[in-house]
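I opened this entry to look up how the chain packs inside. The structure goes in first.

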Amino acid sequence: MSLLEKITKKQTPRAPRIMMIGVEGVGKSTAGASMPNPVFVCGESGLVGPQFADIPSFTPENWGEILQFLDELAANKGDFKTIVIDTLDWVEPMLYSHVCAKNGHKNIEDFGYGKGYVVAQQEARQLLMRLDRLNADGMNVLLLCHSQIKTVNNPVGDNYDHFESKLNAKISGIFREWCDCVLCARFGMYTRKDGMRSKAYGGDGRIVQTTHSAAWDAKNRYGLPEVMPLDMAAIMEAITQGQPQDTEALKKEFAGYIKGMKPEVAKKAKEWLESGKWTTQQLAQKVNSYRVKQNINVTEEKKEANNG
């Protein structure tokens, strides 16, 4: 049999692999706790707060215990449906300690310029292999990470500031590549000129950015809206809807949303849909945007009803 005969066009749906980069206090752990039947691996001092009283968690003392725990979980995952690492940048020092002890060094820098991080990167793949095994068995994977603002050296223009994970770039890279989604969680804010100065407003709402920009690291393979509320139930629903779908069904659904648009917007949307100058992924992204808006409206209506 020729290997060419094994070429297919189908996509294989699987449980999501998500990395969430977020500012301190934005609600990363809370987001993890709202995932389906989660179990936490805590790089920090466990889950603190009454909202986590019933959330199963494991706090390892070293890198080896993390790998052992994931091996045991793979052998007997019980009712758990999501593995949450909280947070990767707090697990990172355990990785370095393990690599240094294994190679007879006191510090990751003792390997020589940049070499220690290359060795650590290879060891980090041991974690990815175990997460991959759990994911292949149907478990969602959510990797939480604190963010930092870093200046990017722009070769074609002015330098600029950028939200990215606190992980070393080599370590961060392999996790970002492996994940289907990298979400940047932040507080929704805007600025307005007040004389010579700009003032910040908002900051109460929590949002996630789902696509890359100069200002933050993000990506997704599901056609998610560019901005979503930090609501894992809504995000997971949008991801599920963004799995391989029938193009005709998407067209029919989008046509239904057009009916509820303002006339001038509806006219442009209808022309765009009928032009056929779009990919299924682009259509799925637009449909997902309206699904999210619809969910938000329903949620707001419920809140008003409850308050009334």
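My notes on the core and one helix follow.

I am working with a predicted model, in which local features need pLDDT of at least 70, side-chain atom pairs count only at pLDDT 80 or more, and totals for chains, interfaces and linings use all residues. Residues are numbered from 1 along each chain as its sequence is written, and side-chain values use heavy atoms, with hydrogens and water left out.

I looked up the largest nonpolar core (buried Ala, Val, Leu, Ile, Met, Phe, Trp, Tyr and Cys residues joined through side-chain atoms within 4.5 Å). It has 39 residues, and L70, L127 and F175 are among those with the most contacts inside it. Elements giving it two or more residues include α2 (63-75), α4 (115-136) and α5 (169-178); helices are DSSP runs of H or I, at least four residues, and strands are runs of E, at least two, numbered from the N terminus. I also noted a second, separate core of 28 residues, which includes M228 and I235.

Next I checked α4. Its 22 residues should span 32 Å at 1.5 Å a residue, and its end C-alpha atoms are 32 Å apart, which agrees; the expected span is 1.5 Å times one less than the number of residues.

Which residues does L127 touch, not counting those up to four places away in sequence? I found W63, I66, L67, L70, L88 and F175, where contact means heavy atoms within 4.5 Å.

Among the buried residues of α4 are Q121, A124 and L127; buried means under 20% relative accessible area, with a 1.4 Å probe and protein chains only. The buried residues of α4 pack against β1, α2, β4, α3, β5 and α5.

Last, I looked at G173, found in helix α5. G173 is buried, with a relative accessible area of 10%. G173 and Q121 are 52 residues apart in sequence and 9.2 Å apart in space, C-alpha to C-alpha.

Note on methods. Buried means under 20% relative accessible area, exposed over 50%, partly exposed in between (1.4 Å probe, protein chains only).
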